[in-house]
Amino acid sequence: MLIEGRAHRSIEEGADGRSARIIDQRRLPFELAFEDLRDHRQAVAAIRDMHLRGAPLIGAAAAYGAWLACLEYEALPPEPFAAAVEAALASLEAARPTAVNLRWAVRRQRAAIAKAGSPREKAEAALLEARAIASEDLAICAEIGRHGAGIIEALHRKKGRAINVLTHCNAGWLATVDRGTATACLYEANDRGIPLHVWVDETRPRNQGALTAWELSQNGVPNTVICDNSGGLLMRRGMVDAVIVGADRVARNGDVANKIGTYLKALAAHDNGVPFYVALPSPSFDPELADGDSIPIEERPQDEVLRVTGLAPSHGHGGGASRVEAELFAPGTRAANPGFDVTPARLVSGYITERGVLRAEALASALA
Ligand code: MRU
């Protein structure tokens, strides 16, 4: 997707052939900074500490991390190589708990590495698999975009005016290799010339809405940021035609783990007769879990709730803006910070997958 008119992907192989280059999303939307991951530990830290984020992208990063681990241990004899790589795979898989894409990517890499011969061949196989995972992600997002744009187009035909879509968190190109899942639908609809406006939930405490608003604006999609608590009122007023969100893990029965706050949007949508769609790439579907109750929910540090980070306005002559952290609560205040919630399948109107828009009952046979 475009940043200041230039095409970027959120993860790419480094020019040296021994690293993966990511966009450090902690610095966005104020600064475009790249980070080169040179070993699997850096990949684990980048996933865990949210230098990059979003379920499909952390899957792709884990896949490149597995390749980096193979490169690190290439000189070892086969047995120590296998043990060291397996430990690296385990740490990549454990870097964050909720998105199933990590497990999915690590399993694919484990199988690809097992099939190859020498450590050098295993490293080559891991690189090919990481590339395959990244390019499959692109293809999946393109199909999701196509199917989702069909929904927006149908709404536009029915209503004969611009369509207002509400989205939560960032299920954008920054959360995938490119294009996004929920946003792929928006980009595709926009490319087809369907008049469109997006309500972007701020998504406290990490404010992923800032990423969504930024990437939509960079790519010409009209949008407005709203506080997380505004969606219900807008839906009651008829100002939202559809909600489209992403997913970190969808259980076999269609229950959806996604960024904290998604569930409340689904409840409000249900109460107001607004269709609620989940953009679901198949790697985010977990057929091993019967329902959403057993999806592990990441508990994040309380500082994310108690503090905000932002850009201080520049004062005086030529003074550049600087990043500041500010306390929001009285000293000693305690905060709880679950990173995700679970939306029951009964609140989901449809799952926009690469195989079409599906009902919950159809997911297991179409995606597993
Ligand atoms: O904590 P994050 O920013 O990694 O959470 C991301 C989300 O919840 C996204 O909505 C989800 O991963 C879907 S991304 C296509």
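Which elements each supply at least two residues of the lining of the largest cavity? In this predicted model, the elements that do so are α2 and β11, and the tour begins with them.

**First stop: the largest cavity**

Select α2, residues 55–73, together with β11, residues 256–259, and look at the space that they help to line. This largest cavity has a volume of about 230 Å³, and of the 27 residues that line it, those closest to its centre are Arg 53, Gly 54, Ala 55, Asp 248 and Asn 258. The element that gives the most to this lining is α2, with 3 residues. If you colour the lining of the largest cavity by residue class, you will find 13 nonpolar, 9 polar and 5 charged residues.

**Second stop: the ligand**

Now display the ligand, which sits in the largest cavity. The elements that contribute two or more residues to the shell around the ligand are again α2 and β11. Selecting every residue with a heavy atom within 4 Å of the ligand should bring up 18 residues, of which the closest are Arg 53, Gln 208, Asp 248, Asn 258 and Lys 259. Divided by class, this shell consists of 8 nonpolar, 6 polar and 4 charged residues.

Next, draw distances from the oxygen atoms of the ligand to the protein, taking three residues in turn. For Arg 53, an N or O atom in the side chain is 2.5 Å from an oxygen atom of the ligand; for Arg 96, where the atom in question also belongs to the side chain, the corresponding distance is 2.8 Å. At Gly 54 the backbone should be shown, since a backbone N or O atom of this residue lies 3.0 Å from an oxygen atom of the ligand. If you then switch to a surface view, keep in mind that the ligand on its own has 410 Å² of accessible area, and that the protein covers 99% of this area.

**Third stop: the second largest cavity**

How many cavities of 30 Å³ or more does a search of the whole structure find? The search finds 4, and the second largest of them, with a volume of about 80 Å³, is the next place to visit. To frame this second cavity, select Pro 56, Asn 101, Trp 104, Ile 133, Asp 137, Ile 140, Pro 281, Pro 283 and Ser 284, which line it. Two or more residues of this lining come from each of α4, residues 101–115, and α5, residues 119–159, with α5 providing the largest share, 3 residues. By class, the lining of the second largest cavity has 6 nonpolar, 2 polar and 1 charged residues.

**Last stop: the largest pocket**

Finally, turn from the cavities to the largest pocket, whose volume is about 640 Å³. A convenient selection for centring the view is Arg 26, Pro 205, Arg 206, Thr 309 and Arg 323, which are the closest to the centre of the pocket among the 24 residues that line it. To see which elements are involved, colour α7 (208–218), α10 (303–306), β14 (307–312) and β15 (322–327), each of which supplies at least two residues of the lining. Of the elements that line this pocket, β14 gives the most, with 5 residues. Colouring by class here shows 9 nonpolar, 5 polar and 10 charged residues in the lining of the largest pocket.

Definitions and conventions. Residues numbered from 1 in each chain as written. Predicted model: local features only at pLDDT ≥ 70, side-chain atom pairs only at ≥ 80, totals over all residues. Heavy atoms only, no water. Polar contact = N/O pair within 3.5 Å; in protein donor to acceptor, adjacent residues only side chain to side chain. Areas by Shrake-Rupley, 256 points an atom, 1.4 Å probe, with all protein chains shown as cover. 1 Å grid on protein atoms, 1.4 Å probe; cavity = no way out; pocket = protein on both sides within 12 Å on 5 of 7 lines; lining within 4 Å. Sits in = over half its atoms within 2 Å of the grid points. Helix = DSSP H or I, 4+ residues; strand = E, 2+ residues; numbered from the N terminus. Nonpolar A, V, L, I, M, F, W, Y, C, P; charged D, E, K, R; others polar. Points joined across faces, edges and corners; volume = space filled by probe spheres on them.
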